[in-house]
Amino acid sequence: MGQTPAQKAAKAAGGQKPKRKRPGKAQREAIKRAQAAKKAVGGNPAAKKTAAAKRTVPLPRGSLRAAYPGTCPACFKDYDKGEVITKVAEGWGHPGCAPRKLSAAEREFARNKARIEAGETFRGQKPSDWRLGSSPSNTRPAR
């Protein structure tokens, strides 16, 4: 079988494919616009979720978005999928239903307040010898 002159030239070139011409600037811009429009309208649903997650405000520590609807065990009200929930007594529920955790300073204050109200003092853990309504100079001697 005979070869055409084009086939002979291709064989001589080592089987290289002819180069494709690069589209012009106007055509490249049109392609970019079409790709951006496709991404905005439909696109990949997984990519849309991650993009939306990046735009949202960070959640409070210990909270997350509900993967499915449920009921808060503290107030027995329902919450929807995607709503912010946090750990409550026996499960997950509304952040407002969770008991507020006290800081170390607040816990220390509460302990000291309870000890004072129980009649303890902090000097030697002995009861006070002050008379109610009198100044410290009018105290009677301790027995």
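## The β4–β5 hairpin and its neighbour

Strand β4 and strand β5 (residues 91–93) run antiparallel to each other, joined by 3 bridges. Keep in mind that this is a predicted model. The two strands make a hairpin, with 2 residues sitting between them. If you want a spot to anchor your view, look for Val-88, which stands opposite Gly-91 in β5.

β4 has another partner too: strand β1 (residues 63–65) pairs with strand β4 (residues 84–88), again in the antiparallel sense and over 3 bridges. Here Ser-63 is a handy marker, with Thr-86 as its bridge partner in β4.

## Ser-63 and Leu-64 on β1

Which way do these two β1 residues go, buried or exposed? Ser-63 belongs to strand β1, and it counts as buried because its relative accessibility is 16%, below the 20% cut-off. Leu-64 is also part of strand β1, but this residue has a relative accessible area of 35%, so it is partly exposed. As a general point, side chains in a regular strand alternate between the two faces of the sheet.

Leu-64 also turns up in a nonpolar surface patch, together with Leu-59 and Trp-92. Between them, the three have about 230 Å² of accessible area. Trp-92 can be placed relative to Ser-63 as well: the two are 29 residues apart in sequence, with 9.4 Å from C-alpha to C-alpha.

## An odd phi at Phe-76

Phe-76 is worth a click. Its phi is positive, at about 60 degrees, although the residue is not a glycine. For context, most residues other than glycine have a negative phi.

Where does Phe-76 lie? Look in the loop between β2 (70–71) and β3 (78–79). Phe-76 is exposed there, because its relative accessible area comes to 65%, against a cut-off of 50%.

## Charges: one patch, one bridge

On the charged side of things, Arg-22, Lys-25, Arg-28 and Lys-32 form a positive patch on the surface. Lys-25 is found in helix α2 (residues 25–41). With 56% relative accessibility, Lys-25 counts as exposed.

How many salt bridges does the structure hold? The count is 1. This salt bridge links the side chains of Glu-108 and Arg-111, at 2.7 Å from N to O. The two residues are 3 apart in helix α4 (residues 104–117), so about one helical turn separates them. Glu-108 has 37% relative accessibility and therefore counts as partly exposed. Arg-111 is partly exposed as well, with a relative accessible area of 47%.

## The whole chain

Stepping back, the protein chain has 4 helices and 5 strands. Starting at the N terminus, the order is α-α-α-β-β-β-β-β-α. Of the 143 residues in the protein chain, 8% count as buried, and Ser-63 at 16% relative accessibility is one of the buried residues.

Terms used:
Residues numbered from 1 in each chain as written. Predicted model: local features only at pLDDT ≥ 70, side-chain atom pairs only at ≥ 80, totals over all residues. Heavy atoms only, no water. Patch = residues over 30% accessible without salt bridge, like charges linked within 9 Å, V, L, I, M, F, W, Y side chains within 5 Å. Areas by Shrake-Rupley, 256 points an atom, 1.4 Å probe, with all protein chains shown as cover. Salt bridge = Lys/Arg side-chain N within 4 Å of Asp/Glu carboxyl O. Lys, Arg positive; Asp, Glu negative; His and termini not counted. Charge placed at Lys NZ, Arg CZ, Asp CG, Glu CD. Buried < 20%, exposed > 50% of the residue type's maximum accessible area, 1.4 Å probe, protein only. Pairing = 2+ DSSP bridges.
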